[in-house]
Amino acid sequence: MNNKAQGNGSADVVVIGGGIIGCAVAMRLAQAKAKVTVLERGEIGAEASSAAAGMLAPQGEMISPPAFSDLCLKSRDLYPGFVAEIEELSGEKVGYRTDGAVLVGISDAECHELEETYHVQTKRGLPLELLTGDEARRRVPGLAAEIRTALFVPGDHWLDNVRLMSALAKACTRLGVTLRPHSDVKKLNATDGKVESVTVGGNGGGTTVSASQFILAAGCWSRDLTASPAMEKSLQPCRGQILEFESPDELPHVVRAGHFYLVPRASHRVVAGTTAEYTGYDKAVTAEGMRSVIEGVSRIAPFIKNYRFTRAWAGLRPDTKDHLPVVGHGELKNLIFSTGHFRNGILLAPANAQVVSELTLTGKSTTPSELYSPLRLSR
Ligand SMILES: Cc1cc2nc3c(=O)[nH]c(=O)nc-3n(C[C@H](O)[C@H](O)[C@H](O)COP(=O)(O)OP(=O)(O)OC[C@H]3O[C@@H](n4cnc5c(N)ncnc54)[C@H](O)[C@@H]3O)c2cc1C
C-alpha cells in the first residue's frame, strides 16, 4: 500500500460507511498501522448494525452454498477473540452469550426441515441435538404445546449489537482511526480507473478526502455510489422490523422458527423479529409488520402475549440478487467493495474484516473471493 501524505483531508484508507462492516475493517487496518478515516453519513453504527437482533447463527440460519456456510462458521469461531479485543480496547461489555439456540417445528414442513438440517449438519460434523417437543419445553419452559420437533444448536450464539457498535467505535478511536460522523459521501472522483478522492457533503461541507485505497461499506446505500445501473439493480434494501418486550423471566436460549425469533437481552428485555420486505429505503414500522412478528413469535412462544411491549424499530439489510456478500475489487482498481451481508452482517464482521484488510494491505486474500466478486453482479 502506498502511503499518502498525512494531513487534513487525506488518509491511507478511506472507509465509506460506519456500520459494523466498515468499523471492523477500520479496526483491523489501524492495527496494521494504516491511517484510516471512516466517513459516516449519520451516526456511527446507527443503521442496520444497531437495528439487528444480534444473532451469530451460522447453523440456525441454514445458510448455503457450503462455501458461504463455511465462511459464516469461521466468522462465528473468530468471535470470541474479536469480542475480547474490542472489550479490552473499549473497556465496555457487549453481552456476548454462547448458550445456544432452540429451533422449533410445528407443521410437517417445519419438522421435516429440522430433521433434514439435523442430518446434513451432523454429516458435516457440526454439533446439534434433535429434540422432541417435550425436551424443547424442558429447555425453554412455556414453549407452545404444539411444537413436535426441535433442534438444540449449541454453536449459535448472540450478543447485544448496539453495545457492540458502541464498543467497536471506541476501540477504533483508541487505535487512531478517525471516525467522521455526519460526513455524507456524495461522489467518488475517479480518473484512469482509479479513485482519487471522495466528495463529502452534509455537515462535512463539500470537501474532498483523498486516499490510496477506498472501501465501500455503506450497507444497502452502497449501490448509490457505484454509478452502475446493474449494481443498483442487484443491491436492494430489505426491511426488517423488530419489537422489544420486557421479559419477566430470563429466556435461556434464542428461540426460533424460520425467520421468527426471540433473542434475550440484558435488563429483562427480549427482542422479537422479524419481517423481510422490499420497500426501498423506507424504515417505517408498520401495523402489518408488527402483526406478523407478534403472530410469528406467539405461535411458538405464547408467553410473549403477556409481555409488556417497550418499543419497535426497523432496519435495512443490504441484500443482493443471490443473497451473497459483495467483497473485493470491481472495475476501479483501488476501490474494495465490502457490502451485501444481508441477514448475517453482524456474524460476518470479523471474517469480512480479515478478508478486506488483507485485500487492502496486500492485494490478496486467503479466502477465495470469486463467489463474492462485485463483478458477478454486472454479468
Ligand atoms: C431487523 C434486522 C435484523 C438483523 N439481525 C441480524 C442478526 O441477528 N445477525 C446478523 O448477523 N445480522 C443481522 N442483520 C443484518 C445486519 O444488521 C447487517 O447485515 C449489517 O448490519 C450490515 O452492516 P453494514 O455496516 O454493511 O451496514 P449498516 O449498518 O447499514 O452501515 C452502513 C453505514 O453506511 C452509512 N452510509 C450510507 N451511505 C453513505 C454515504 N453516502 N456516505 C457515508 N456513509 C454512508 C450509513 O449511514 C450506515 O451507517 C439484521 C438486520 C436487520 C435489519
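**Figure 1. Parallel pairing of strands β4 and β13 in the predicted model.** Strand β4, residues 101-105, runs parallel to strand β13, residues 254-257, and three bridges connect the two. Within this pair, V102 of the chain stands opposite V255 in β13. Strands of a sheet pair through backbone hydrogen bonds, in either a parallel or an antiparallel sense.

**Figure 2. The open sheet of eight strands.** The strands follow the order β5-β6-β4-β13-β14-β15-β12-β16, and their pairing is mixed. The edges are formed by β5 (129-132) and β16 (308-320), each of which pairs on one side only. From one strand to the next, the twist averages 25°.

**Figure 3. Helices α4 and α8 packed on the sheet.** Helix α4, which spans residues 108-123, touches β4, β5 and β6 (149-153). The direction of α4 makes about 35° with that of β6. Helix α8, residues 287-300, also packs on the sheet, and its contacts are with β4, β12 (235-246), β13, β14 (260-265), β15 (269-273) and β16. Between the directions of α8 and β14 the angle is about 80°.

**Figure 4. A salt bridge between R148 and D108.** The side chains of R148 and D108 meet at 2.7 Å, N to O. This pair links distant parts of the chain, with the two positions 40 residues apart in numbering. R148 belongs to the loop between α5 (133-139) and β6, whereas D108 lies in helix α4. In total, the structure holds 27 salt bridges.

**Figure 5. Domain 1 and domain 2 and the area buried between them.** Domain 1 is assembled from segments 10-54, 163-234 and 322-378, and domain 2 from segments 99-155 and 235-320. The C-alpha centres of the two domains lie 30 Å apart. At the interface, 28 residues of domain 1 are in contact with 24 residues of domain 2. About 2,100 Å² is buried between the domains, and carbon and sulfur atoms give 54% of this area. On the side of domain 1, A53, F342 and R343 lose the most area to domain 2, together accounting for 30% of what that side buries.

**Figure 6. Polar and charged contacts across the domain interface.** Between domain 1 and domain 2, 16 residue pairs are in polar contact. One salt bridge is found across this interface. The side chains of K283 and E47 meet in a salt bridge with an N to O distance of 2.9 Å. Elements giving two or more residues to the side of domain 1 that touches domain 2 are α2 (48-51) and α7 (229-234). Of the elements on that side, α7 gives the most, with four residues.

**Figure 7. The cis peptide bond between G273 and T274.** The peptide bond joining G273 and T274 is cis, with omega at about -10°. T274 is located in the loop between β15 and α8.

**Figure 8. Backbone conformation at H323.** H323 has a phi near 60°, which is a positive value in a residue other than glycine. This residue, H323, lies in the loop that runs between β16 and β17 (326-329).

Technical notes: Residues are numbered from 1 along each chain as its sequence is written. This is a predicted model: local features need pLDDT of at least 70, side-chain atom pairs count only at pLDDT 80 or more; totals for chains, interfaces and linings use all residues. Side-chain values use heavy atoms; hydrogens and water are left out. Two strands pair if DSSP finds at least two bridges between them. Axes are lines fitted to C-alpha atoms, for helices over the stretch in contact, and angles run from 0 to 180 degrees between N-to-C directions. Contact means heavy atoms within 4.5 Å. Domain bounds come from an automatic or database domain assignment. Buried area is the accessible area (1.4 Å probe) that two parts lose on being put together, summed over both. A salt bridge is a side-chain nitrogen of Lys or Arg within 4 Å of a carboxyl oxygen of Asp or Glu. A polar contact is a pair of N or O atoms within 3.5 Å; within protein, one must be able to donate a hydrogen and the other to accept it, and residues adjacent in sequence count only if both atoms are side-chain atoms.
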